[in-house]
Amino acid sequence: SWNFARIAGGDALGDFNGNGSVARFERPYSGYWDVDANALIFVDTNNNKIKRATHIGGDPDLATNWEITTVAGSTAGFADGTIPQFSLPTDVKPAANGGYYVLDYNNNRIRLVSASGTASTVAGTGIVGQTDGTPGVLDNPVWGSVDASGILYFTENNSLSLRSFRPGGVSTVLRWTAGTPAEGVGSQFKANLPVNTNIAVDPSSGDVWLVGRSAIYLVQRIVR
C-alpha cells in the first residue's frame, strides 16, 4: 500500500523557503531524488530557481520535517557563474560528480551546475533552432532523462525530435512526423506526440520512452 502526504507548498503561489508548511512555489515542474544528498532536487519554474527539499528528521509525512532551500537561480535572465540566472527552467537531472543539468527553456540552453553551485552552459547559444554539434542550437528544451552512462536525452517543446547531450556535443537521435501512428526506423516513425512530450530512459539499456497525449512509444537503440 501507499501513503500520500503533502511535504511542502500550499494552495497559494509564492516563492518562500523554510520548512515545508511555509514554503511556496510557482509551478514546481520536475526533478529527481539525489541519493547522496538524501533530498529532492526540483525546478521552481516560474520563480526561475532550482530548489532542494531535504528531510530533516522525524515523521516524513509532516511538512514541518522538510526543509526547502534554493540551490541556484534568482530573477529571470541568463548568467553563468556562481550567481546563475535561468529563464523558465523546466527540468533538472543528475550529472557527474554531484552536479546536475538544467533544461533552461526560454534561454534555449542546457546548463550544468556543479556540486559547488557554479553554472556553465554546455549546449545551446540562446538562438532558437536545431543544429547538432558543440555547442549546438536548441529549440526550447523541456523534458530530460539520463542513462547509466551519463548521456542526457531530451525533448524540445516546438520540434518533433528526440535529442541527446554528452561532452562531445548535441546529437539528434530521432525525428518524427505528425500523423497516424506508424512504427519504423528514423523518418518512417510517425506519432501523434504533441509538443511538450515527456521522456524516460531505461538506465541499463539506454532505450527511451516517449509519453504522448494518447500513447506511449518505445525508442530502442538498434546499435548498442
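In this predicted model, strands β1 and β5 (residues 66-73) run antiparallel to each other and are joined over 2 bridges. One residue pairing can be named here: G18 has I68 in β5 as its bridge partner. This pairing belongs to a wider arrangement, an open sheet of 5 strands whose order reads β1-β5-β4-β3-β2, with antiparallel pairing. The edges of the sheet are taken by β1 (18-19) and β2 (31-34), each of which pairs on one side only.

The approach to β5 is worth a closer look. N65 sits in the loop that links β4 (49-55) to β5. Despite its place in a loop, N65 has a relative accessibility of 16% and is therefore classed as buried, the limit for that class being under 20%. Leaving aside residues up to four places away in sequence, the contacts of N65 are T54, H55, I56, G57, G58 and D59.

Elsewhere in the chain, attention turns to the surface. A nonpolar patch is formed there by W209, V211, I216 and L218, which together offer about 370 Å² of accessible area. Two elements, β17 (208-211) and β18 (216-219), each give two or more residues to this nonpolar patch. W209 is part of strand β17, and its relative accessibility is 38%, so this tryptophan counts as partly exposed, a class that spans the range between the buried limit of 20% and the exposed limit of 50%. N65, by contrast, falls in the buried class at 16%.

Note on methods:
Residues numbered from 1 in each chain as written. Predicted model: local features only at pLDDT ≥ 70, side-chain atom pairs only at ≥ 80, totals over all residues. Heavy atoms only, no water. Patch = residues over 30% accessible without salt bridge, like charges linked within 9 Å, V, L, I, M, F, W, Y side chains within 5 Å. Areas by Shrake-Rupley, 256 points an atom, 1.4 Å probe, with all protein chains shown as cover. Salt bridge = Lys/Arg side-chain N within 4 Å of Asp/Glu carboxyl O. Helix = DSSP H or I, 4+ residues; strand = E, 2+ residues; numbered from the N terminus. Buried < 20%, exposed > 50% of the residue type's maximum accessible area, 1.4 Å probe, protein only. Pairing = 2+ DSSP bridges. Contact = heavy atoms within 4.5 Å.
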